[in-house]
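Got the viewer open? Let's take a walk through this one together, one selection at a time.

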Amino acid sequence: MTVSDDRQMPPAPQQRVIGMLGGMSWESTAEYYRLANEAVRERLGGLHSARIVLASLDFAEIEALQVAGDWQRAGDLLAAEAAGLEAAGAQLLLLCTNTMHKVADQVQAAVSIPLLHLADTTAAAVRTAGLSTVGLLATGFTMEQDFYRDRLAGHGLDVLVPDAGDRAEVHRIIYDELCRGVIREESRRLYRQVIDRLVAAGAQGIILGCTEIELLICAADSAVPVFPTTRLHVEAAVTTALSARLADAP
């Protein structure tokens, strides 16, 4: 007796394709990929994994443009890659870096799919926690310029940043260590001290506003809640990808 080959297989759960614009740095983009797949497996079970298309840029080129202040050129590069992700089938876009949300509007303008803004997902988590004043740890660009702090403030948050000396050290550790895969206990102690000073200044929570910081700092390193932007961004993306329909692009 032969077994029929025309048995009906259960339909696969519908997933939207997540487009990840990464490589800035690849250390944190690897976390994006891992977390997205873990989240889909947790929600759907079995052997399910996330539907992802990934564009990984050469961070050295982007970092040189950051230092030069040539954000227009950097935005052009990211916008072109975003358009490529849409052409490859992406239905939702993640810019896998806090700092490069400086050019988020330029990236969004290049595609017809929605870009899920990292600062929005973070602010939503802070508000859900009932907090209104947060400390921000990030690159110097993100801590010192308005594009990110103003986006958070638009959600009703008061944002505190470290003093100039602490900002310089936080920035140095991101670029000289974390983006290179170097994790040092001495740097963790320094970050803890910066967090303590932000808490003393009134921070009710701490935003880990650079995707690499989550490689170094976790909830145990802070006396107040921490908000890991990479994890929050991924969780929001997976929720959207598994929802009945995507929201319309802006």
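## Starting inside

Select Phe141 and Tyr175 to begin: both residues are buried. Bear in mind as you look around that this is a predicted model.

Now show the side chains of these two. Phe141 and Tyr175 make an aromatic pair, edge-to-face, with 6.5 Å from centre to centre and 80° between the planes. Colour the helices next. Phe141 belongs to helix α6, while Tyr175 sits in helix α8 (residues 164-176), so this pair ties together parts that lie 34 residues apart in the sequence.

## Adding more rings

How many aromatic pairs are there? The count comes to 4. Add Trp71 to your selection to see another of them: with Phe141 it forms an edge-to-face pair, 5.5 Å centre to centre and 80° between the planes. Here too, distant parts of the chain are linked: Trp71 is in helix α3 (residues 71-87) and Phe141 in helix α6 (residues 140-144), 70 residues apart. Is Trp71 buried or exposed? Trp71 is buried, as is Phe141.

Select Phe59 as well, and you have a cluster: ring pairs link Phe59, Trp71, Phe141 and Tyr175.

## A stop at a cis bond

Jump to Met24 and Ser25 and look at the backbone. The peptide bond that joins them is cis, with omega at about 5°. Where does Ser25 lie? You'll find Ser25 in the loop between β1 (18-22) and α1 (26-44).

## Zooming out

Switch to a cartoon of the whole protein chain, and you can go hunting for 10 helices and 7 strands. Turn the chain around: its C-alpha atoms fill a box of roughly 75 × 40 × 35 Å along the principal axes. What about the radius of gyration? For 250 residues, a compact globule would have a value near 18 Å, and the 19 Å of this chain agrees with that.

Try colouring by burial: of the 250 residues, 50% are buried. If you draw contacts, keep those with a separation of 6 or more; 74% of them are between residues 24 or more positions apart.

Finally, put a surface on the chain. The accessible surface comes to about 11700 Å², and carbon and sulfur atoms account for 50% of that. Then colour by charge: there are 21 positive and 32 negative charges, and the mean positions of the two sets are 4 Å apart.

Methods:
Residues are numbered from 1 along each chain as its sequence is written. Side-chain values use heavy atoms; hydrogens and water are left out. Helices (H or I, at least four residues) and strands (E, at least two) are DSSP runs, numbered from the N terminus. The radius of gyration is taken over C-alpha atoms; the globule rule is 2.2 Å times the number of residues to the power 0.38. Buried means under 20% relative accessible area, exposed over 50%, partly exposed in between (1.4 Å probe, protein chains only). Contact means heavy atoms within 4.5 Å. Accessible areas come from the Shrake-Rupley method with a 1.4 Å probe; for residues, only the protein chains shown count as cover. Lys and Arg count as positive and Asp and Glu as negative; His and the chain ends are not counted. The place of a charge is taken as NZ of Lys, CZ of Arg, CG of Asp or CD of Glu. Rings of Phe, Tyr and Trp (its six-membered ring) pair if their centres lie within 6.5 Å; planes under 30 degrees apart count as stacked, over 60 as edge-to-face and the rest as tilted.
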